[in-house]
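Visitor: Can we go over the pockets in this one? I have the structure open.
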Amino acid sequence: MKLLIIGSGRMGIRHAMGASQVEAVTNICMVDMAKSALENAQQQLTKDSNTKFEFVLLDDFINYQDKFDVCIIASTASGRKDTVDLACQKGCKTILVEKPLGQSMEEVTDLSEYINKLNVNARVNLNMRLYDSFIKLRNDLNSLSQLKGNKVITINTGSIGIGANGIHYLDLLYFLLD
């Protein structure tokens, strides 16, 4: 499988590290508009002489002829529809979009409606609902008689935690409370 990662910052690098461990992933192409970001990613990802990687500037990638199976969009939220289009042009039928999806609810709704019209399998990386402990908690909240009725859930975090992870907590609440 050929993987395209658009955005080679911290989140893109984290995805690339994980994907490089997957045997089925044969090639990982990191794309970014900033040369310095690509150089940093290359330095971090090829320490162990991993040959799965290639690093391409966005301006050069637009004319790139290779096709890819999966795309992870780990770039900033601006221009999300153009980034999705680029992934589709490069053959990606499966797309994982990192947060934020947009700078306003209107942008998020617009992006969602746009993607729904495409012939792709697109998902947002909201991973907390995949954890066994949260799945069990959801089942307990919805099935145990002693947990029927109104629920009070408290999240204790600092301003950085809620700023960076707030969407994860909101999604988790939607998941837990059905």
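Guide: Yes, bearing in mind that this is a predicted model. Five helices and strands each supply at least two residues of the lining of the largest pocket, namely α1 (10–19), β2 (27–32), α4 (80–89), α5 (105–116) and α7 (159–176).

Visitor: Which of those gives the most to the lining of the largest pocket?
Guide: α7 does, with nine residues.

Visitor: And how many residues line the largest pocket altogether?
Guide: The lining has 41 residues. Nearest the centre of the pocket lie S75, E98, K99, P100 and L101.

Visitor: What volume does the largest pocket have?
Guide: About 1,200 Å³.

Visitor: How do the lining residues of the largest pocket divide into nonpolar, polar and charged?
Guide: There are 18 nonpolar and 16 polar residues, and seven are charged.

Visitor: OK, on to the second largest pocket. How much space lies in there?
Guide: About 220 Å³.

Visitor: Which residues line the second largest pocket?
Guide: V97, L101, V108, L111, S112, I115, N116, V120, N121, A122, R123 and V124. L101 in that list is also one of the residues nearest the centre of the largest pocket.

Visitor: Where does the largest share of that second lining come from?
Guide: From α5, which supplies five residues. β6 (121–124) also supplies at least two. α5 is also among the contributors to the largest pocket, where it again gives at least two residues.

Visitor: How many of the residues lining the second largest pocket are charged?
Guide: One is charged, while eight are nonpolar and three polar.

Notes
Residues numbered from 1 in each chain as written. Predicted model: local features only at pLDDT ≥ 70, side-chain atom pairs only at ≥ 80, totals over all residues. Heavy atoms only, no water. 1 Å grid on protein atoms, 1.4 Å probe; cavity = no way out; pocket = protein on both sides within 12 Å on 5 of 7 lines; lining within 4 Å. Points joined across faces, edges and corners; volume = space filled by probe spheres on them. Helix = DSSP H or I, 4+ residues; strand = E, 2+ residues; numbered from the N terminus. Nonpolar A, V, L, I, M, F, W, Y, C, P; charged D, E, K, R; others polar.
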